[in-house]
Amino acid sequence: TSTERYYLVFTEWVRLLQRVTSDDKIIFVFIKQLMDKGVLSDSDNFIGFVKAALELSVYSFKESDPTGEVFTAIDALSKLLIKLFILQDFAGYSRQEYLNTVFSIILLVFSNDHEEDEATFNERPYFRLLSNFLCEWATLRGHNFIKVADQKTRKELLSFDAEFYNIFASYLHSFQPFAFPGFSFAWISLLSHRMFLPVMLRLPQKAGWEKLMLLLIDLLKFLNQYTIKGKISDAVSVVYKGTLRIFLGISNDVPQFLIENHYELMNNLPISYFQLKNVILSAIPLKMLVPNPFDSDLALENITECQNPPVVFYDPVSDIQALKKPVDNYLRIPSNSLLRTIINGLYLTEYDIKGGVGFDMLTTNNKLIRAIVLHVAVEAGLENGRTSSNAVFNTKSSYYQLLFDLIHDGTIELKFQVIQVMIEQLRYPNIHTRWFIYVLRDMFVTEAWEEQRTEVQEIILRSLLERVIVHNPHTWGVSVLFTQLLNSDEVNLLELDFINNIPEIKHMFVQL
Amino acid sequence: EMPPKMVSQLESSLLNCPDSLDADSPYLYQVPLSNPHPTSIFFPSEP
Amino acid sequence: FGLKALVPLLRQDDKELSKPYDHSMTLGADLSSMIHSLGIPRDNTRHRVLDTFQSPWAETSRSEVEPTFFIPDSFVGISGVLQSPVTPPRFDSAQNDQQRVALFQDETLFYLFYKHPGTVLQELTYLELRNRNWRYHTTLRAWLTKDPLMEPEVSADGLSERGSYVFFDPQRWEKCQKDFLLFYNAIM
């Protein structure tokens with residue numbers, strides 16, 4: 001059969017690579033013969049050949065002595081596919097089509113294997129194949145593809161570089177744990193691969209960020225789905241640990257990625273992951289020196305960085321949708337009817353199941369609330385730059401007013417959600433952190449809440465405390481605000497009933 | 001909750017989790033520095 | 001949504017109360033060992049860790065991985081490397097290559113000995129190290145030589161001696177001096 005013939009040809013290739021180096025002339029002759037003699041002459045043949053070669057390589061892996069060389073065939077296959085990518089003249093079709101075809105074939109063989117027999121499926125050969133692509137491409141692209149002698153090809157490959165990674169990322173998205181649980185751990189290893197993750201983080205013009213966020217969100221969604229109160233499996237626990245480690249690595253190498261994408265990460269982070277939340281929100285720009293947050297004499301208005309608006313990669317405005325007009329109109333001229341419209345738009349039609357600490361479901365739209373709060377912050381930050389601090393650091397400003405009214409007129413749950421999201425903005429020194437410290441401190445002491453005052457105070461303290469009782473890191477902004485409240489002349493925390501009535505809480509605050 | 005089939009697939013994935021050796025650069029033929037030669041059994045046999 | 005909801009997190013001792021929450025995810029854990037395993041240093045010098053990231057889990061990160069590297073063309077095909085008349089260099093003949101091997105430093109010999117098992121070269125480096133009064137310990141699989149400043153004490157039965165020796169540690173890639181009980185039948 002043609003499949004058997006493909007097996008023979010591929011076996012010859014594997015044998016050849018065990019005898020000569022991959023840049024030997026014989027290799028080029030072999031590849032040329034593959035094309036000239038009809039093995040790879042058209043797309044049907046190409047698909048048939050690659051499919052057969054991959055199936056044989058996976059079979060070879062499964063049959064090999066596990067203590068020996070198990071990846072000989074897989075390594076040879078990845079070498080062949082990359083060679084073909086470089087050597088073809090791409091007259092009738094594009095590099096993009098070639099790569100998409102290759103990945104589609106891999107996905108096809110992989111998914112058949114994954115679905116067919118759980119007992120025999122093994123993720124390792126597929127991991128190795130994809131890892132090899134990353135290694136081969138990394139070698140090829142060194143110093144802007146300088147090793148590619150032909151200038152035209154070199155230029156094409158250079159302009160294709162970002163696309164290579166984005167195509168790879170798109171396919172990785174298809175392989176995600178929800179779709180192929182038997183590949184989960186290999187998938188996480190690929191996402192964080194040393195020749196993928198740091199490259200995606202550093203592509204020019206942040207070209208890899210969107211797809212990278214897609215993959216990180218896939219991971220967070222998976223964790224979110226299976227982080228069930230009282231019964232988290234060992235496997236999910238291990239997924240969590242790996243995720244945490246990856247975020248720590250990103251925070252060290254490219255904190256700017258976490259800073260600019262915090263909004264979408266918060267939208268998808270499981271609600272009870274307090275430490276990971278802190279890890280993400282604690283990211284500080286490289287080279288920024290941060291003043292001691294526990295200094296009770298800290299004057300935020302004198303810190304230069306507290307004038308600067310943080311960059312957001314994804315504009316939250318896109319998520320406000322139907323409420324954008326009412327929100328922007330309210331920010332121009334506050335009115336009760338606009339407020340009514342906004343608040344009504346924040347309630348869900350179905351329960352949102354969440355494994356929260358103290359609650360199991362929500363009735364308000366967490367993402368929409370986050371979008372609005374961040375949008376208000378962005379606008380306030382812009383106005384601060386345009387006009388003056390007085391316009392913005394002002395309880396009469398519409399920015400403050402909107403948040404105050406949402407809390408005042410909303411249910412307890414809405415109060416909680418708005419305050420939680422405001423506290424998420426307490427990050428490294430920047431104008432949003434500074435503004436929300438101002439707003440929250442004022443909201444904590446103001447009498448304007450009337451009979452709702454203790455409720456609001458308790459929710460603020462709860463939201464701060466849950467960020468502070470966890471192990472390090474803690475965000476700078478939370479530490480600053482918490483210190484200010486602990487040292488406040490206006491409200492003595494230890495006189496508050498809701499603290500004194502709970503012994504464990506009282507004990508905690510006495511310690512603090 | 002995770003369906004039983006998914007549970008076992010996830011556990012199987014954990015068992016087969018690739019390690020750093022799997023992620024290393026592909027091992028392909030390189031011109032050897034020296035030809036094979038029988039050496040003492042006491043010498044290290046792995047590089 | 002109030003403070004009471006946090007009590008199960010504060011009362012880890014109460015198994016019943018704290019049961020719904022996985023504390024490793026809520027309160028988290030001390031991250032110092034995880035950060036250390038990533039290679040993130042504690043002092044102020046920062047370096048990239050993702051470029052040499054072995055695996056998301058410390059348990060599967062038991063070997064170093066080759067990072068991206070670039071070999072300029074001028075480094076490839078250099079003639080005369082390791083005194084070899086051919087490029088890339090070869091060691092194929094016990095007779096002809098012995099004199100080339102004699103020109104190498106101790107560390108080069110150790111490197112070649114450990115890196116090329118079961119080859120002509122391993123044999124040649126073995127012979128040359130012996131010429132330089134190094135002896136190979138068959139159980140430790142390490143090379144040692146006498147400390148020139150100390151005279152060893154030979155045992156009554158003549159089968160061993162106790163003295164001070166210089167070992168070459170291939171794991172740490174350094175010479176180190178150690179007092180040692182050396183059995184003559186263990187060295188070659």
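**Exercise 1. Polar links between the chains**

How many residue pairs are in polar contact between chain C and chain A, counting pairs with both at pLDDT 80 or more?

*Solution.* Since we are working with a predicted model, the confidence filter comes first. With both residues at pLDDT 80 or more, 20 residue pairs are in polar contact between chain C and chain A. Next, look at which helices take part: α1 (7-10) and α3 (32-37) of chain C each supply at least two residues of the side that touches chain A. Then sort that side of chain C by class: 28 residues are nonpolar, 10 polar and 10 charged. Finally, turn to the salt bridges, where the count between the two chains is three. C:Arg11 forms a salt bridge with A:Glu504, and their closest N and O atoms lie 2.9 Å apart.

**Exercise 2. The extent of the contact**

About how much area do chain C and chain A bury between them?

*Solution.* Start with the residues: chain A brings 66 to the contact and chain C brings 48. The area buried between them is about 4800 Å², with 67% of it on carbon and sulfur atoms. Now zoom in on the chain C side: C:Phe1, C:Leu3 and C:Met25 lose the most area to chain A, together 20% of what that side buries.

**Exercise 3. A helix check**

What should helix α6 of chain A span at 1.5 Å a residue?

*Solution.* Helix α6 of chain A has 17 residues (124-140), so it should span 24 Å. Compare this with the model: the end C-alpha atoms are 24 Å apart, which agrees. As a last step, consider its surroundings: α6 of chain A is mostly covered, with 15 of its 17 residues buried.

Methods. Residues are numbered from 1 along each chain as its sequence is written. Chains are lettered from A and ligands numbered from 1 in the order in which they are written. This is a predicted model: local features need pLDDT of at least 70, side-chain atom pairs count only at pLDDT 80 or more; totals for chains, interfaces and linings use all residues. Side-chain values use heavy atoms; hydrogens and water are left out. Helices (H or I, at least four residues) and strands (E, at least two) are DSSP runs, numbered from the N terminus. The expected span of a helix is 1.5 Å times one less than its number of residues. Buried means under 20% relative accessible area, exposed over 50%, partly exposed in between (1.4 Å probe, protein chains only). Contact means heavy atoms within 4.5 Å. Buried area is the accessible area (1.4 Å probe) that two parts lose on being put together, summed over both. A salt bridge is a side-chain nitrogen of Lys or Arg within 4 Å of a carboxyl oxygen of Asp or Glu. A polar contact is a pair of N or O atoms within 3.5 Å; within protein, one must be able to donate a hydrogen and the other to accept it, and residues adjacent in sequence count only if both atoms are side-chain atoms. Ala, Val, Leu, Ile, Met, Phe, Trp, Tyr, Cys and Pro count as nonpolar, Asp, Glu, Lys and Arg as charged, and the others, Gly among them, as polar.
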